[in-house]
Amino acid sequence: MQNPNKALWLLLLASVSLGSGCTQLASRPASEEPALPQEAVEQSPDEDAVTGPLPKIELTTPLLYRLLVAEFAEQAGVLRLSAEQYLYAAEETRDPRLAKHATRVAMYGNEAALATRAAALWQTLAPEDREADQALAAVLISENRLAEARPHLERIIQAPAKQGGAHGYLIAANLLGRASDKKQALALMDELVRPHSHEAEPLFAAASLAAQLEQPEQALARLDQVLRIDPHHLQALITKARLLHATNRKEEAITTLRSAVNEVPDNTQLRTVYARMLIDDRRLDEARNEFRIVDRKAPNDPDVIYALGLLALQANDLADGEKQFLRLLSLGQREAEANYALAQIAETRGDTDKAIAYYEAVSDGDNVLDARLRAAMLVAKRDGIDQGRNYLHNIRPDNAADAIRVWLMEGELLRQAERYDEAMVVYDDALALFPDNPELLYARAMMAERIDRLDILEADLRAILRQNPDDAQALNALGYTLADRTNRYAEAYQLVEKALRLSPDDAAILDSMGWVLYRQGRYDESIRYLKQAFAKQQDPELAAHLGEVLWVSGQQNEARRIWDAALKQWPEHKVLRQTIERFAQ
């Protein structure tokens, strides 16, 4: 029901001047994005204010009734009815404020015909208001009526600076970026720019439109024109570099920015873009040096400090990483991310108490649950698994997905402690709450293999495959287990072959295929797959498999070489040691 105070306010305001008797579109769900363009309806401090003289209006009973219907319909989300009533009121009163609000409501309601009528009326009633031209151009362009939109775009371009004229070409480019006919939109923009083709800003707007419409070569050509006119045009340089990078001309992109940075070394914005592009190109040491320069020229920028911290961690420079993240905490900036990073540094150093404290200080952001789960693992490591489980039990997940992650972590703690039966109970309890959840089913299946309950493993993996027959992980796990623990080799081969078709570069699946072939006695084929797997992922279990098949096929020296190298890297790995003991000792 309408708030009575709001209704009184509306009546009073309407009776005084019909000023801003329309509320914001609060009833529109936040998740619903309007399909019609919104460039023309940016809110201002007074969203229904307009340029130009206003009519004197007598508030009649029919008019008041129409306004109330429009208001209540808007609040209820019945936007077509609301837009119609505001438009009728605007037509009756000739008040441009009502026409403007009718346009807004129609556009949010995706009512193109009503939006066109309302915007046309608004533009007629307030011919000097360039926002009206923006609204009408936006609606016409959305309907691909570009010829009709042209005069409104021309007025936007010609507007005085106080009405956005300084950026008129960019506004026109943004509006035309919504056109469905890219070729026609680009042609119209070229026509609008042609009288000013000796000026940098119109050409830059044309380049921006070409980039929006995914025409990189045309955009680059326009940007080169801009840079011939103004070699130091910052946005043109940045846009050109980004387009070159996006079209796989990465070295040219980096060279473009490096040259620009050398010419204007004090421009921190340009240097920051350059540094980020170096990161994208995995040139992390160079990026770190650039961010250090930016930090000296513009100290205490939290984004720069955060980038320096991350780059320090990438370089395994824990001391500098710690320094940068502590700087963020001292500034009160990006505290959640800084605490999370400091916790990881402390964990790497083996300082469990400090790591837990930092993880617990992460109170908001995307890493809150991750921090709690990491803290639980560290508590289990420090105080024992039961304390770690108690820590997990005190976590209050915000949603089902987070709750499942907590259950999975508890099962993982029990797996690490080799308390497999208890882990099975945890997964049983979780699946009672979240039946058929693929993550829980997979975790229980893997745990079932540890206690020789292959019936549960197969049932759970097949339950996953009923939901998603193309789940490569489940196909692989079932195929490998059938080959390793049963003699159902033909069935195992079919499962792993399908998994490999779905994920041909997955080292674990390549290993499974090699293992199935080994069980079938196809040693040469097996070795090819196992070598591919081991080349992709240096893993002790993969080394154990490859060495076993080499040994059985008569290549004992090669098997010893692989096992010896693996033992140096993973001297305590159980599967690796057991395999060597079975064959080489």
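**Notebook: loops, cores and helix α14**

I began with Asn316, which lies in the loop between α16 (302-314) and α17 (318-331). The model is a predicted one. I looked up the phi of Asn316 and found a positive value near 60°, in a residue other than glycine. Most residues other than glycine have a negative phi. Asn316 has a relative accessible area of 59% and is therefore exposed, the cut-off being over 50%.

I then turned to Asn144, in the loop between α6 (130-142) and α7 (146-158). The phi of Asn144 is likewise positive and near 60°. I noted a relative accessibility of 27% for Asn144, so this residue counts as partly exposed.

**Ser180**

I located Ser180 in the loop that runs between α8 (168-176) and α9 (182-193). With 62% relative accessibility, Ser180 counts as exposed. I checked its distance to Ser142: the two residues are 38 apart in sequence, and their C-alpha atoms are 7.5 Å apart in space.

**Overall fold and confidence**

I recorded 32 helices and 0 strands for the protein. Of its 585 residues, 48% are buried. The protein exposes about 28,600 Å², and carbon and sulfur atoms supply 48% of that area. Among contacts between residues at least 6 apart in sequence, I noted that 52% join residues at least 24 apart.

The average pLDDT is 87, and 89% of the residues score at least 70. I marked residues 1-34, where the pLDDT is below 50; this stretch has 64 contacts in the model beyond near neighbours in sequence. I also marked residues 161-165, again with pLDDT below 50, and with 10 such contacts beyond near neighbours in sequence. Where pLDDT is low, the predicted coordinates should not be read in detail.

**Nonpolar cores**

I looked up the largest nonpolar core, which holds 96 residues. Which of its members touch the most other members? They are Phe325, Tyr359, Leu392, Leu440 and Leu461. I followed Phe325 further: leaving out residues up to four places away in sequence, Phe325 touches Tyr306, Gly309, Leu310, Leu313, Ala338, Ala341, Leu342 and Ile345. A second, separate core has 89 residues, including Ile156, Ala179, Leu223 and Leu311.

**Helix α14**

I tested the length of α14 (residues 268-280). Its 13 residues, at 1.5 Å a residue, should span 18 Å, and the end C-alpha atoms are 18 Å apart, so expectation and model agree. At the start of α14, I found a side-chain oxygen of Asn267 within 3.2 Å of the backbone nitrogen of Gln269. After the helix comes Arg282, with a positive phi near 65°.

Which residues of α14 are buried? I listed Leu270, Arg271, Thr272, Val273, Tyr274, Ala275, Met277 and Leu278. The cover over these buried residues includes α12 (234-246), α13 (250-263) and α15 (284-297).

**Glu458**

I closed with Glu458, in helix α25 (residues 454-467). Is Glu458 buried or exposed? Its relative accessibility is 19%, so Glu458 counts as buried, the cut-off being under 20%. I found a polar contact of 2.9 Å between the side chains of Glu458 and Arg488. Setting aside neighbours within four places in sequence, Glu458 is in contact with Leu478, Leu482 and Arg488.

Terms used:
Residues are numbered from 1 along each chain as its sequence is written. This is a predicted model: local features need pLDDT of at least 70, side-chain atom pairs count only at pLDDT 80 or more; totals for chains, interfaces and linings use all residues. Side-chain values use heavy atoms; hydrogens and water are left out. A nonpolar core is a set of buried Ala, Val, Leu, Ile, Met, Phe, Trp, Tyr and Cys residues joined through side-chain atoms within 4.5 Å. Buried means under 20% relative accessible area, exposed over 50%, partly exposed in between (1.4 Å probe, protein chains only). Contact means heavy atoms within 4.5 Å. Helices (H or I, at least four residues) and strands (E, at least two) are DSSP runs, numbered from the N terminus. The expected span of a helix is 1.5 Å times one less than its number of residues. A polar contact is a pair of N or O atoms within 3.5 Å; within protein, one must be able to donate a hydrogen and the other to accept it, and residues adjacent in sequence count only if both atoms are side-chain atoms. pLDDT is the predictor's confidence in each residue, from 0 to 100. Accessible areas come from the Shrake-Rupley method with a 1.4 Å probe; for residues, only the protein chains shown count as cover.
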